[in-house]
Amino acid sequence: MCASQKGPAFCKDCGHELFLSCPVFHMTRLHPFKGLRYPRSTDPTLVTAPPYDVLDDEEARRFATAHPNNIVRVDLPSAIHREADPYRVAAGLLAEWVESGSLVRDADPTLTVHEMRYSDPSGRHRRTIGVIGAVEIQPEDGLAPLPHEHTTPKAAGDRLRLLRATASNLSAIWLLSTASGLADLLEAATAAADPWWEWEDQMGVHHRVHVLEENSIHEKVSSLVAGAPVLIADGHHRFETARIYRDARRTESGPGPWDLVMAYVVELAEEELSVGPIHRLVWAQPTVGGLDALVSRLREYYAVEERSDRSTPRPPALVTHDRHFLLTPLERGDLDLDLDTRRFELAASPLGLRVEFEPSAERATSLAHTRKCDAAFLCRPPEVSVIRSVAEGAGLMPAKSTFFWPKPPTGIVIRPLD
């Protein structure tokens, strides 16, 4: 079982430091559950919201004013409620919505299929289809979904306080399954059915939601997912929070629904995913040579061409306030994965740099140009084939190497832990 901890996290089975995967085979079983969901007649544009971790307080309040039952009022209470204990207010609201019928409970366990159609940054029309169920945090055989990045105490603490107050999984972690055929199975299962919801969000993403009630379909989906490795694409704080909550509840009450966590499972396939890079913002340390030392180290992994202008170069590149360095990858036989994030990690690690992360190349470049950071290292996106090879044990991917888009909205279904 792989577990995160303060500082670097290591897999107890193989000893490797955790980033995206490790050489241990990880798999999990998907379970249906009796979900809480808004009635079919509810307008999803009014009650759903983007995930909590992509909303600032102002955006959250804008969604909260759209409808008195918008999910953000429960999922991001610290931004909405000014009371001393906003988490308790959120729990009270959730209970009120259930009592009033604003949220209804499934009569029987279900799986929920969520499909997103959109155009990627290149203008190509894309589709992501996945299924929402519950997965074991730590199955009896000791195998589980594997986190790929470290978490911050502040974010994890916020999610834990909310989980303790509401006793509900409000949003799903996003898992990637290496099981071939999952997308085809979900498409076939929903082809002849009317959707529960269908709408287009403010980003132009077209959503379609189906509720699967047939036990035979549940078994087919669950068996397919259980037969192959899975890894976490998004939701590391929620996964870590669910583990902490599970441990506490087991101590108090033994096994229960807290042994599982809600998950959105998508096939790890090129046609199902739009993967972007996450760029690096750099603050140099003068004591070890500043940016010159970083450029010198990068020459071990790239051919470097310096330009003295403020244009936005194509990745890979290093951008400062008044110049940029075009980087052409060198052939290196000692690289386990040919990723810009890996090359940067190897070049920068001895220099003691402060590094933060930014998914937008435009914003990263702007921050460098305006001296909000010393430099921005622009990365190419990892290919889906590389992510698959990592999932199958071929090397380790640095944290914050992938940005999956679009993000599934919160409010499609809630999993109570009663």
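Start by selecting Arg-208 and Glu-198: these two form a salt bridge, with their closest N and O atoms 3.0 Å apart. Keep in mind as you look around that this is a predicted model. Now colour the strands. Arg-208 lies in strand E9 and Glu-198 in strand E8 (residues 197-200), so the pair ties together parts that are 10 residues apart in sequence.

How accessible is Glu-198? Its relative accessibility is 39%, so Glu-198 counts as partly exposed. Arg-208 is partly exposed too, because its relative accessible area is 24%, and the buried class ends under 20%.

**Next stop: Glu-115**

Leave Arg-208 on screen and add Glu-115. The side chains of these two also meet in a salt bridge, at 3.2 Å from N to O. Along the chain they are distant: Glu-115 is in strand E4 and Arg-208 in strand E9 (residues 206-212), 93 residues apart.

Is Glu-115 buried or exposed? With a relative accessibility of 7%, Glu-115 counts as buried.

Now add Arg-127. Glu-115 forms a salt bridge with this residue as well, and here the closest N and O atoms are 3.9 Å apart. This pair links strand E4 (residues 111-119), home of Glu-115, with strand E5 (residues 125-136), home of Arg-127, across 12 residues of sequence. Both Glu-115 and Arg-127 are buried.

Which residues belong to the network around here? Select Glu-115, Arg-117, Arg-127, Glu-187, Glu-198, Arg-208 and Glu-272 together: salt bridges that share partners join them into one network. For the wider picture, a search of the whole structure finds 25 salt bridges.

**A quick detour: His-237**

Jump to helix H9 (residues 236-253) and pick out His-237, which lies in it. His-237 counts as buried because its relative accessible area is 16%. Then select Arg-159 and draw a line between the two C-alpha atoms: it spans 7.2 Å, although His-237 and Arg-159 are 78 residues apart in sequence.

**On to the sheet**

Show the strands from E13 to E18 as a cartoon. In what order do the 6 strands of this open sheet sit? Going across, you meet E14-E16-E15-E18-E13-E17, and the pairing is antiparallel. Strand E14 (302-307) and strand E17 (354-358) stand at the edges with a single partner strand each, so one side of each has no neighbour in the sheet. Ignoring direction, neighbouring strands are turned by 20° against each other on average.

Zoom in on strand E18 (residues 375-378). Ala-375 and Phe-377 point one way, Ala-376 and Leu-378 point the other way, and all of them are buried. That fits a general pattern: in a regular strand, side chains alternate between the two faces of the sheet.

Now check the neighbours of E18. On one hand there is strand E13 (residues 279-283), antiparallel to E18 and joined to it by 3 bridges. Here Leu-281 stands opposite Ala-376, and Arg-280 stands opposite Phe-377. On the other hand there is strand E15 (residues 317-319), also antiparallel to E18 and joined to it by 3 bridges. In E15, look for Leu-318, which stands opposite Phe-377.

**Last stop: two helices on the sheet**

Select helix H10 (residues 290-298). H10 lies across E13, E14, E15, E16 and E18, and runs at about 175° to E15. Finish with helix H11 (residues 340-348), which packs on the sheet and touches E13, E14, E16, E17 and E18. The direction of H11 makes about 20° with that of E13.

Technical notes
Residues are numbered from 1 along each chain as its sequence is written. This is a predicted model: local features need pLDDT of at least 70, side-chain atom pairs count only at pLDDT 80 or more; totals for chains, interfaces and linings use all residues. Side-chain values use heavy atoms; hydrogens and water are left out. Buried means under 20% relative accessible area, exposed over 50%, partly exposed in between (1.4 Å probe, protein chains only). Helices (H or I, at least four residues) and strands (E, at least two) are DSSP runs, numbered from the N terminus. Two strands pair if DSSP finds at least two bridges between them. A salt bridge is a side-chain nitrogen of Lys or Arg within 4 Å of a carboxyl oxygen of Asp or Glu. Axes are lines fitted to C-alpha atoms, for helices over the stretch in contact, and angles run from 0 to 180 degrees between N-to-C directions. Contact means heavy atoms within 4.5 Å.
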